[in-house]
Amino acid sequence: MPGAYRFVSLQELAQAGKLRREWTTHTGRTYVKDFSQDYYKVKELLRNLPVDQRELYLRMYVEDLARKYPRYQFRYQIRRYNGYRFFIIRRGSIQDSGRYKEIPIYIDLLSGEIFVPRSYLRKQPKLVIAVIHYRISGLLAFLRAKFPAVAPEPQRPGRKHEGKAEKKKAVSKTVICPKCGRPGTLTKRWVISGDGKKRYYWYVGHKKNGKIKWCYIGKYLPPSLAKVAKELGLK
Ligand SMILES: [Zn+2]
């Protein structure tokens, strides 16, 4: 039923990378999330792919979404406007489109830029920005999983969220890495996930030629390392 959609002109599209998300929790705390970094990373990842593959991977991403969240009826379309080729991710039911429940996200297949129609932003800014935020962080996670070599996790371990004392102790403690069997430093690494929550994962760092190579251990430590982490006050 693609004919049922109304298409907007290019002037009506707002670039998604410049948006900021603000939300208040039930406790009254307000959060602001600037997702421009993720945005540019997604753009870069898309541009690293040959043009025909950009479409292929975006399709895989939407098919994944549709399987995971059937109630949102995710689907995609490819449309041309004045020589631009857009991959459009749609969400919501066709019947709801008149009530702005459907939120289309336009991805320029050539530049990798992501847009949203301004009319949607005006009507429901919070919902629309939240959806863009989910799409961008979701796309980033998806592309990272597909291309781990070109898109390693960006945050350095042991920064910002860790206390100084913990960090000091962590670097002084050597463990045997369960991944590669070499000695290394057990470190807790914090990431902000797509839903804006802070989560941590365990890594073992190995020094090599002045650089540190990180082995990913995961959310949970094997029992031997869990004991070490406890001793270090990392848990
Ligand atoms: Zn290792």
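Helices and strands here are runs picked out by DSSP, with at least four residues (H or I) for a helix and at least two (E) for a strand, and they are numbered from the N terminus. Keep in mind that this is a predicted model.

**Figure 1. The whole chain, with its 6 helices and 11 strands.** Let's start with the overall view. Of the 235 residues, 26% count as buried. Now take the contacts between residues at least 6 apart in sequence: 48% of them join residues at least 24 apart.

**Figure 2. An open sheet of 5 strands.** Read across the sheet and you get the order β1-β7-β6-β5-β4, with antiparallel pairing. The edges belong to β1 and β4 (75-81), and each of them has a single partner strand, so one side of each is left without a neighbour in the sheet. From one strand to the next, the twist averages 35 degrees. Zoom in on β6 (residues 105-108) and β7 (residues 114-117), and you'll find 2 bridges joining these antiparallel strands. One pair to look for is Tyr-106 with its bridge partner in β7, Phe-115. Helix α2 packs on this sheet, touching β4, β5 (84-90) and β6. The direction of α2 makes about 145 degrees with that of β4.

**Figure 3. Another open sheet, built from 4 strands.** This one goes β8-β9-β10-β11, and its pairing is antiparallel. At the edges stand β8 (174-176) and β11 (211-218); a single partner strand is what each one gets, so one side of each has no neighbour in the sheet. On average, neighbouring strands in this sheet are turned by 55 degrees against each other, ignoring direction. What holds such strands side by side? Strands of a sheet pair through backbone hydrogen bonds, either parallel or antiparallel.

**Figure 4. Strand β10 and its antiparallel partners, β9 and β11.** How many bridges join β9 (residues 183-192) to β10 (residues 198-208)? There are 8 of them. Among the facing residues, Leu-186 stands opposite Val-204 in β10, while Thr-185 has Gly-205 as its bridge partner in the same strand, β10. Over on the β11 side, 7 bridges join β10 to β11, and Lys-207 is partnered by Ile-212 in β11.

**Figure 5. Asn-209 at the turn of a hairpin.** Strands β10 and β11 form a hairpin with 2 residues between the strands. Asn-209 sits in the loop there, between β10 and β11. Its backbone is worth a look: Asn-209 has a positive phi of about 50 degrees although it is not a glycine. Is Asn-209 buried or exposed? It counts as exposed, because Asn-209 has 5 C-beta neighbours inside 10 Å, and a residue with 12 or fewer is called exposed.

**Figure 6. Gln-73 in the loop between α2 and β4.** Here is another residue other than glycine with a positive phi, and for Gln-73 the value is near 50 degrees. Gln-73 counts as partly exposed, because it has 15 C-beta neighbours inside 10 Å.

**Figure 7. Helix α4, residues 125-146.** With 22 residues, α4 reaches 31 Å from its first C-alpha to its last, close to the 32 Å expected at 1.5 Å a residue. Plenty of side chains to find here: the buried residues of α4 include Val-128, Ile-129, Ile-132, Arg-135, Leu-139 and Leu-143.

**Figure 8. Where α2 crosses α4.** The axes of α2 (residues 51-68) and α4 come within 11 Å and cross at roughly 120 degrees. The crossing is right-handed. From α2, the contact uses Tyr-57, Tyr-61 and Asp-64; from α4, it uses Leu-139, Phe-142, Leu-143 and Lys-146. Sort the residues of this contact by type and you get 5 nonpolar, no polar and 2 charged.

**Figure 9. Leu-19, a buried loop residue.** You'll find Leu-19 in the loop between β1 (13-15) and β2 (20-24). Why does Leu-19 count as buried? Because 21 other C-beta atoms lie within 10 Å, and the cut-off for buried is 20 or more. Leaving out residues up to four places away in sequence, Leu-19 touches Ile-129 and Ile-132. Both Ile-129 and Ile-132 are among the buried residues of α4. Leu-19 and Ile-132 are 113 residues apart along the chain, yet their C-alpha atoms are separated by 8.9 Å.

Technical notes: Residues numbered from 1 in each chain as written. Predicted model: local features only at pLDDT ≥ 70, side-chain atom pairs only at ≥ 80, totals over all residues. Pairing = 2+ DSSP bridges. Axes fitted to C-alpha atoms, helices over the stretch in contact; angles between N-to-C directions. Expected span 1.5 Å × (residues − 1). Left-handed = near helix turned anticlockwise from the far one by under 90°. Contact = placed C-beta atoms within 7 Å. Nonpolar A, V, L, I, M, F, W, Y, C, P; charged D, E, K, R; others polar.
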